[in-house]
Amino acid sequence: MSEQDLKKSEANNSSASEEEYSLNDDRRVKVLTPGAMVAKRFFRNRLAIVGMVMLIAMFLFSFVGGMISPYDENQQFYTYEYQSQQYAGVVRNDDFRYLVADDQEFGSTTQAYFLLYYNNTSGEEDFSFEYKSVAYDVVYEGTDFFSIYSDGTLLAMAFKDIVNSEGDEELSFLVKYGALKAYTSGETSFEAEGASYTVDEDGSIATEDGTVVGYISRFVVSPTENGVTISRQFKEELDEAITNDETEFTFVEEDGTTSTYDVSYDAFTDSWTVNQEKATYVYDSYSSPSFAHWLGTDQNGMDMLTRLMYGGRVSLVIGFIVVAIAGVLGIILGGVSGYFGGWVDNLIMRIVDVFWCIPSTPLMIILGSAMDAMNVDPQLRMLYLMLLLGFLSWPSVARLVRGQILSLREQEFMAAAEACGIRSSRRIFRHLIPNVMPQLIVSCTMMLGSTIITEATLSFLGLGVKFPFASWGNIINDVNSTYVMTNYWFIWIPAGLCLLITVLGFNFVGDGLRDAFDPKMKR
């Protein structure tokens, strides 16, 4: 290499060295703003980043998920469920019944005398008795059927077989009397009120032209529901099933459909119950997770995933509003107390002491019970809940702000602000409060998690958010028995996980902010 080239190389190296070590080079000295330094320390904290991811995920789940969900918050789903319902009750009539002729009397006391004398006979013979100087002649007409006369006039009849009308028109006394007399004596016809009737061995009562007007049966069939008419054919088939000790029988309805009925005997009441399985349109309660409902449905037939999304909205909004109320009140009162000191500080701190002494849980239980008794609208109740929690939470913020301002107000920048003639309100809210904001942010972040837990606890106890609004607390409140808790895990576990993730996220972010704002923390 020539001497000239050597000189050029040394010059270039000297120039490069000067450029590399120049104190005026902006690339050598990087100056970060306080905010950037806090952000850098925050994002170096792995737990804080995990907390941020958890919170973003829960916010997206609650607010965006509710918008893209195909269902509404209170949309209910139904399904057909086959349930065994009581259709009718059946009683076999083994006691005497009485039917009094028109314009005659045969009261309950006289009926008791009839039974008294009847029990002293063989049950198949005539007998007489007297009551209040009136003689009664009882004539045995057939099995379990008696005619009762007085002075040769037919007063009443006592019977166990019951005459039922085929249509809506009730049969007269004489027709029933003639039908029972003919049926018990084995006759096939009788006359009553100038008309001829026939009675077959099945107890059917018909007019001369063959029109069936009634039938005789020992069983009394009573429908469970009002307005239901039970046909004679049904009663006869039911009578046959009971006689044959059958526990189930099939009946073909008038429209051609076949219905199955269960017959059960109750020895205590000596009666039969007829049950029918019916398809009932009911809430699709506690249905298992499926393609249509990823987390199943709750006890009201509502989609659990959608309820979780909307419940997250309510829980998060309540948390932020409560912290906002507590923050505003705490900043104002704590700032005024710390700046002015003296009697103002003493007065505000005594108010803080009073609020600290208020038993918040019993107070919320009392107010919750009062709102239940007054049937307060659920939306208005939610507003009252936020106001109550906010007013009970501000003392801690006020103490924090007061303590910070007591130390800041003695520093040089406050003396300079006072010397410049800046009014007190501006000094508090433009110079002191901004210097307290780092600690406030950390405190409010921590408070968000505890507020959400408090709201969930109150809702779980039935004192917070009420149906139809959803919150994670009242969703868990649906687990009102051990059976539901053990068999329907999809009701309470997802809500508990959402609550856990959200509160942990706020705690992680709060810890990260505390470390980021404190430059003394070890890295």
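A residue counts as buried under 20% relative accessible area, as exposed over 50%, and as partly exposed in between. Lys181, at 34%, therefore counts as partly exposed. Keep that scale in mind for what follows. The model is predicted.

Start with the partner of Lys181. The side chains of Glu141 and Lys181 meet in a salt bridge, with 3.9 Å from N to O. Glu141 lies in strand E4, residues 134-142, and Lys181 lies in helix H5, residues 173-185, so the pair ties together parts that are 40 residues apart in sequence. The two ends sit in unlike surroundings. Glu141 is buried, because its relative accessible area is 15%. Lys181, as said, is partly exposed.

This bridge is one of 13 in the structure. Another joins the side chains of Asp353 and Arg350, at 3.0 Å from N to O. Both residues belong to helix H8, which spans residues 342-357. They are three residues apart, so about one helical turn separates them. Asp353 has a relative accessible area of 24% and is partly exposed. Arg350 is partly exposed as well, at 45%.

Helix H15 holds a pair with that kind of spacing. Here the side chains of Asp511 and Arg514 meet in a salt bridge of 3.7 Å, N to O. Being three residues apart in H15, Asp511 and Arg514 are separated by about one helical turn. Asp511 is partly exposed at 27% relative accessibility. Arg514 is partly exposed too, at 42%.

Salt bridges can also join into a network. Asp144, Lys160, Asp161 and Arg218 are linked in this way. Follow Lys160 from there to an aromatic ring. The charged end of Lys160 sits over the ring of Phe96, 5.0 Å from its centre.

Phe96 leads on to other rings. Ring pairs link it into a cluster with Tyr98, Phe106, Phe114, Tyr117, Tyr118, Phe127, Phe129, Tyr136, Tyr140 and Phe146. Across the whole structure, a search finds 38 aromatic pairs.

Now turn to the nonpolar side chains. In soluble globular proteins, nonpolar side chains tend to be buried together. The largest nonpolar core in this model has 54 residues. Which of its members touch the most others? They are Val401, Ile405 and Ile491. Several helices build this core. Those that each supply at least two residues are H2 (34-43), H3 (46-68), H7 (304-340), H8, H10 (378-408), H12 (424-460), H13 (472-476) and H15. H12 gives the most, with 11 residues.

Not every nonpolar side chain is hidden. Trp489, Ile493, Leu497, Leu500, Ile501 and Leu504 form a nonpolar patch on the surface. Together they have about 500 Å² of accessible area. Take Leu497 as an example. Leu497 lies in helix H15, residues 489-517. Its relative accessibility is 45%, so it counts as partly exposed. H15 also supplies at least two residues to the largest core.

Helix H7 offers a contrast to Leu497. Thr306 lies in this helix. Is Thr306 buried or exposed? Thr306 is buried, because its relative accessible area is 1%. From Thr306 to Val376 the separation is 70 residues in sequence and 25 Å in space, C-alpha to C-alpha.

The last stop is the backbone. Most residues other than glycine have a negative phi, and most peptide bonds are trans. Three places in this model depart from that pattern.

Ser133 has a positive phi of about 65°, although it is not a glycine. Ser133 lies in the loop between strand E3 (127-131) and E4. At 69% relative accessibility, Ser133 counts as exposed.

Asn375 is another case. Its phi is near 55°, a positive value in a residue other than glycine. Asn375 lies in the loop between helix H9 (360-373) and H10. With a relative accessible area of 67%, Asn375 is exposed.

The remaining place concerns a peptide bond. Which form does the bond between Phe467 and Pro468 take? It is cis, with omega at about 15°. Pro468 lies in the loop between H12 and H13. Both of those helices each supply at least two residues to the largest core.

Notes:
Residues are numbered from 1 along each chain as its sequence is written. This is a predicted model: local features need pLDDT of at least 70, side-chain atom pairs count only at pLDDT 80 or more; totals for chains, interfaces and linings use all residues. Side-chain values use heavy atoms; hydrogens and water are left out. Patches are made of residues with over 30% relative accessible area and no salt bridge: like charges are joined within 9 Å, nonpolar side chains (Val, Leu, Ile, Met, Phe, Trp, Tyr) within 5 Å. Accessible areas come from the Shrake-Rupley method with a 1.4 Å probe; for residues, only the protein chains shown count as cover. A salt bridge is a side-chain nitrogen of Lys or Arg within 4 Å of a carboxyl oxygen of Asp or Glu. Helices (H or I, at least four residues) and strands (E, at least two) are DSSP runs, numbered from the N terminus. Buried means under 20% relative accessible area, exposed over 50%, partly exposed in between (1.4 Å probe, protein chains only). Rings of Phe, Tyr and Trp (its six-membered ring) pair if their centres lie within 6.5 Å; planes under 30 degrees apart count as stacked, over 60 as edge-to-face and the rest as tilted. A charge sits over a ring if NZ of Lys or CZ of Arg is within 6 Å of the ring centre and within 35 degrees of the ring normal. A nonpolar core is a set of buried Ala, Val, Leu, Ile, Met, Phe, Trp, Tyr and Cys residues joined through side-chain atoms within 4.5 Å.
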